[in-house]
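Here are a few notes from going through the model, jotted down in the order I'd look at things. Have it open while you read.

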Amino acid sequence: MSGRVVVVGSVNVDLVVTVEYLPAPGETVVGGRFARHHGGKGGNQAVAAARLGVPTFLVGAVGGDGFGAEARAALVADGVDVEGLATNPSEATGVALIVVDEQGENSIAVAGGANAALTSVQVRAALKRLALTRDDVVLVGHEIRTGATHEALRVARIAGATTILNPAPAGGLERPTLDLADILTPNEGELAILVGSDGAPSAGAKRLLGPDPGRRAVLVSLGARGALLVAGRRARAIRAPRVDVVDTVGAGDALNGALAVGLAAGLDLAEAARRAVVAASLAVARAGARAGLPTGSELQAALARSSRYGASSSRHGA
């Protein structure tokens, strides 16, 4: 029987202005195009999981404002259960102000709002109400307080659920929190921050796991190159299907959501990771962090195409 996916993380509204070039300090650039999108890694990852057809719950917070009501409605429309999404009337909903130039470079300022005010007590209470089981997968982000991230992983570990930590942003995460995750899912930059140095992803992932990795694993996302899965002392490269890239925003969220879905469905880690990489490749072929997230039927079709063109992974020794 399949388990549930429970996402603990952020909910934002993204306000995006696309201009010819990024303004210098004190400069005003006119003639831009404006768009508003629903975002936040927690919200995006919950939508990514829900679209793949598993029961998905989001634990987080929005403000008592119009943005919060819109964000909640958008999540419900995508099939996410928002019983664990608190409304904090004294805080604004998280907002990201994004300026993008014609080459795709961007400048982003984030006001965490209700995300930054989410407490460990609120997270603990929400997860207790969900009555986690060993079949569930709990996917936790770090766009909330570090203490709330730690508490989510701790409660899930006690319940016997599978725990995934997406360490984005990576700063401020200490070993006691990292060790509560069965699977860590950094990108290359986040991995370098966590281990304190650049270098080969395989070496960094093994350092992150420590001298006694047990059953824990690291899935390092590598963009167009796919991902690297390090479990125990073995590393497996997972190649990404070739696609015409339109927008890379949301690819990591697609990967994390699909990984959680695969594990909740009872797949082994290698197969869940392979499917997650294919889901991420689909996400970059369409514009928008959520608009590009694939449905279950779209993912199944892409997996079938991938199988026809041969294996997507190769193994490497320790």
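How much space lies in the second largest pocket?

1. About 530 Å³, to answer that straight away. Bear in mind that this is a predicted model, so every value below is computed from predicted coordinates. Lining the second largest pocket are 20 residues, and those closest to its centre are T162, D182, I183, R215 and L263. Sorted by class, the lining comes out as 10 nonpolar, 3 polar and 7 charged residues.

2. Next, the enclosed space. The structure has 1 cavity of 30 Å³ or more, and the volume of the largest cavity is about 30 Å³. Its lining is made up of G9, S10, K41, G42, Q45, G141, H142, E143 and A168. That set splits into 1 nonpolar, 6 polar and 2 charged residues. Glycine counts as polar here, which is worth remembering when you read that split, with G9, G42 and G141 in the lining.

3. Now the helix pairs, starting with α1 (residues 41–51) and α9 (residues 251–264). Their axes come within 8 Å of each other and cross at roughly 50 degrees, which makes α1 oblique to α9. The crossing is right-handed. On the α1 side the contact uses K41, N44, Q45, A48 and A49, and on the α9 side D253, A254, N256, G257 and V261. By class, the residues of this contact divide into 4 nonpolar, 4 polar and 2 charged.

4. Two residues of α1 link points 2 and 3: K41 and Q45 are in the contact with α9, and K41 and Q45 also line the largest cavity.

5. The other pair is α9 with α10 (residues 269–283). Here the axes come within 7 Å and cross at roughly 145 degrees, again with a right-handed crossing. From α9 the contact takes in A251, A254, L255, A258, L259, G262 and L263. From α10 there are L269, A272, A273, R275, A276, V277, A279, A280 and A283. The class count for the contact of α9 with α10 is 14 nonpolar, 1 polar and 1 charged.

6. A last thing to look at is α9 itself. A254 belongs to the contact with α1 and to the contact with α10. L263 is in the contact with α10 and is also among the residues closest to the centre of the second largest pocket.

Key. Residues are numbered from 1 along each chain as its sequence is written. This is a predicted model: local features need pLDDT of at least 70, side-chain atom pairs count only at pLDDT 80 or more; totals for chains, interfaces and linings use all residues. Side-chain values use heavy atoms; hydrogens and water are left out. Axes are lines fitted to C-alpha atoms, for helices over the stretch in contact, and angles run from 0 to 180 degrees between N-to-C directions. Helices (H or I, at least four residues) and strands (E, at least two) are DSSP runs, numbered from the N terminus. Angles under 35 degrees count as roughly parallel, over 145 as roughly antiparallel, 65 to 115 as roughly perpendicular and the rest as oblique. A crossing is left-handed if the near helix is turned anticlockwise from the far one by less than a right angle, and right-handed if clockwise. Contact means heavy atoms within 4.5 Å. On a 1 Å grid over the protein atoms alone, a cavity is a set of points where a 1.4 Å probe fits but cannot get out, and a pocket is an open set with protein on both sides within 12 Å along at least five of seven lines; lining residues have an atom within 4 Å of a point. Grid points are joined across faces, edges and corners, and a volume is the space filled by probe spheres set on the points.
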